[in-house]
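I opened this notebook to keep track of what I looked up, entry by entry, in one structure. The topics are open and enclosed space, nonpolar packing and charged pairs.

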Amino acid sequence: MKRSKTVSRREFVKAGITAAGALYLGCPDVLAASESAAGAVITGKSGGEFTPYEAMFYKKLEDARVECQLCPRECKIADLERGYCGVRENRGGTYYTLVHSRACALHVDPIEKKPFFHYLPGTPAVSVATAGCNVECKFCQNWQISQFRPEQVNSMKLTPSDIVEHAKRSHSPTIAYTYTEPVVFYEFMYDTARAARQEGITSVVVSNGYIKEEPLVELCKHLDAVKIDLKAFTEEFYKDTCSGSLKPVLETLVTLKKLGMWFEIVVLIVPTLNDSEKELKEMCTWVCEELGPDVPIHFSRFHPTYKITNLPPTPVRTLEMARRIAQEAGLNFAYVGNVPGHEGEHTYCPGCKEMVIKRVGYTIVKNTILNGKCQNCEHPIAGVWDLKV
Ligand code: SF4
């Protein structure tokens, strides 16, 4: 891997506003040696000092071991070892996150890029990430930051109030926790979402949904919307392609529904691996019956990357088939993603079928929703269309 250039805090924040595409502070190269010393301050390659924070969800075990209670892996960790995600470390029987205030990506994106299609359309979202993930998807688009430890990725110290200030300066009503897996930087996200709400800034999470119920419920108190990547509808795909499991993700979706949280679902369709008519029918039927007809579902186009470079991009006709299956299952808002200009990017009123939001890629061309309703027939359009005052 090429060593990335060191950037100052000022350059980092400025680039976060102006760069096209998410800004990463570089790819992994050498490991820092200092971070395992108990209680030590971690020095990142790009100059910040990173203080370990005690984790919020874990149990102490015998012999200075701990059990992480954040995600369904429930890692049991010996002293001076880390969990699967590589960003949490046991130091003498106390469990720490190593990525609080340690951002490796910062950018202002259209909210449509997350994608959220029914949440404050046409507005910007300050998007932030740290290193790490609790699964390993072989098609990960951000593997250069998700599949490495924090000291292997250039990062910059940015506190929750720094992120909130950045949102205010960039006139972004929302902070999005995204790019890698926000569950693994839970405490950083939690503190930022709480600080953001005090300043009238909303928070949305883009997640794989691989989280235990207690931390999810606690986090949702401070969130405004969630996007869940439903990777497939078989345990086999989750195990073989993502090193995860489906059941906890379905439980997360049901919990979000019970909590009344606004959420949308994205399914990346990978040719031959999760694109069968049978699987898509089962998935869409489950979503409609368990979560309701108004949950937006986005069928997104795969492009070869990371460890899956032997498969072609998803044919558009496969995405169209998935959209048709979702509509036949009773879902009101089924979208085709990563195909700019496709008619499946638009929102149509479930009542009169009139187009109410026209999109091209991440751009809103027309939005005729007024007070959450179709102007043509007054049918309510599910979503969050205005900031709560
Ligand atoms: S969050 Fe990390 S350490 Fe905790 S259980 Fe999940 S993978 Fe393991």
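The entries below follow the order in which I went through the structure.

**Entry 1: the largest pocket.** I note at the outset that the model is a predicted one, and that everything I record is computed from it. I began with open space, and the largest pocket came out with a volume of about 1000 Å³. Its lining is made up of 43 residues, and those nearest the centre of the pocket are Lys 113, Lys 114, Gln 141, Lys 227 and Asp 229. When I asked which elements give two or more residues to this lining, I found β14, β15, β16 (262-269), β17 (297-301) and β18 (334-337). By residue class, the lining of the largest pocket divides into 20 nonpolar, 13 polar and 10 charged residues.

**Entry 2: enclosed space.** I then turned to space that is closed off, and counted 2 cavities of 30 Å³ or more in the structure. The largest cavity holds about 110 Å³ of space. I listed 14 residues in its lining, with Cys 68, Cys 71, Cys 85, Arg 88 and Asn 134 lying nearest the centre. Sorted by class, the lining of the largest cavity gives 9 nonpolar, 2 polar and 3 charged residues.

For the second largest cavity I recorded about 80 Å³ of space. The lining here consists of 13 residues, and Val 205, Ser 207, Ile 211, Leu 216 and Leu 219 are the closest to the centre of this second cavity. I checked where the lining comes from, and β14 (202-207), α5 (213-220) and β15 (225-229) each supply at least two of its residues. The split by class in the second largest cavity is 10 nonpolar, 2 polar and 1 charged.

**Entry 3: nonpolar cores.** Which residues touch the most other members of the largest nonpolar core? Out of the 98 residues in that core, I found Phe 139, Ile 175, Leu 230, Leu 253, Ile 265, Ile 297 and Phe 299 in that position. The largest share of this core comes from helix α8 (residues 277-291), which contributes 7 residues. I looked at Leu 253 in particular and, leaving aside residues up to four places away in sequence, I listed its contacts as Ile 228, Leu 230, Phe 263, Ile 265, Trp 286 and Leu 291. There is also a second, separate core of 21 residues, and I noted Phe 333, Ile 369, Ala 382 and Trp 385 among its members.

**Entry 4: Thr 202.** I went back to strand β14, where Thr 202 lies, and asked whether this residue is buried or exposed. Thr 202 has a relative accessible area of 10%, and because the cut-off for buried is under 20%, Thr 202 counts as buried. Again not counting residues up to four places away in sequence, I found that Thr 202 touches Tyr 119, Leu 120, Pro 173, Thr 174, Ile 175, Asp 224 and Leu 387.

**Entry 5: salt bridges.** A search of the whole structure returned 20 salt bridges, and I followed up a few of them. Asp 109 pairs with Lys 114, with the closest N and O atoms 2.8 Å apart. Asp 109 is buried at a relative accessible area of 2%, and Lys 114 also counts as buried, at 7%.

Arg 197 forms a salt bridge with Asp 224, where the closest N and O atoms are 3.3 Å apart. Because Arg 197 lies in helix α4 (residues 186-198) and Asp 224 in the loop between α5 and β15, the pair ties together parts that are 27 residues apart in sequence. I found Arg 197 partly exposed, with a relative accessible area of 37%, whereas Asp 224 counts as buried at 16%.

Within helix α8, Lys 281 forms a salt bridge with Glu 277, the closest N and O atoms being 3.8 Å apart. These two residues are separated by about one helical turn, because they stand 4 residues apart in that helix. Lys 281 is partly exposed at a relative accessible area of 41%, and Glu 277 counts as partly exposed at 37%. My last note concerns shared partners: Arg 82, Glu 89, Arg 91 and Glu 151 are joined into one network by salt bridges.

Note on methods. Residues are numbered from 1 along each chain as its sequence is written. This is a predicted model: local features need pLDDT of at least 70, side-chain atom pairs count only at pLDDT 80 or more; totals for chains, interfaces and linings use all residues. Side-chain values use heavy atoms; hydrogens and water are left out. On a 1 Å grid over the protein atoms alone, a cavity is a set of points where a 1.4 Å probe fits but cannot get out, and a pocket is an open set with protein on both sides within 12 Å along at least five of seven lines; lining residues have an atom within 4 Å of a point. Grid points are joined across faces, edges and corners, and a volume is the space filled by probe spheres set on the points. Ala, Val, Leu, Ile, Met, Phe, Trp, Tyr, Cys and Pro count as nonpolar, Asp, Glu, Lys and Arg as charged, and the others, Gly among them, as polar. A nonpolar core is a set of buried Ala, Val, Leu, Ile, Met, Phe, Trp, Tyr and Cys residues joined through side-chain atoms within 4.5 Å. Buried means under 20% relative accessible area, exposed over 50%, partly exposed in between (1.4 Å probe, protein chains only). Contact means heavy atoms within 4.5 Å. A salt bridge is a side-chain nitrogen of Lys or Arg within 4 Å of a carboxyl oxygen of Asp or Glu.
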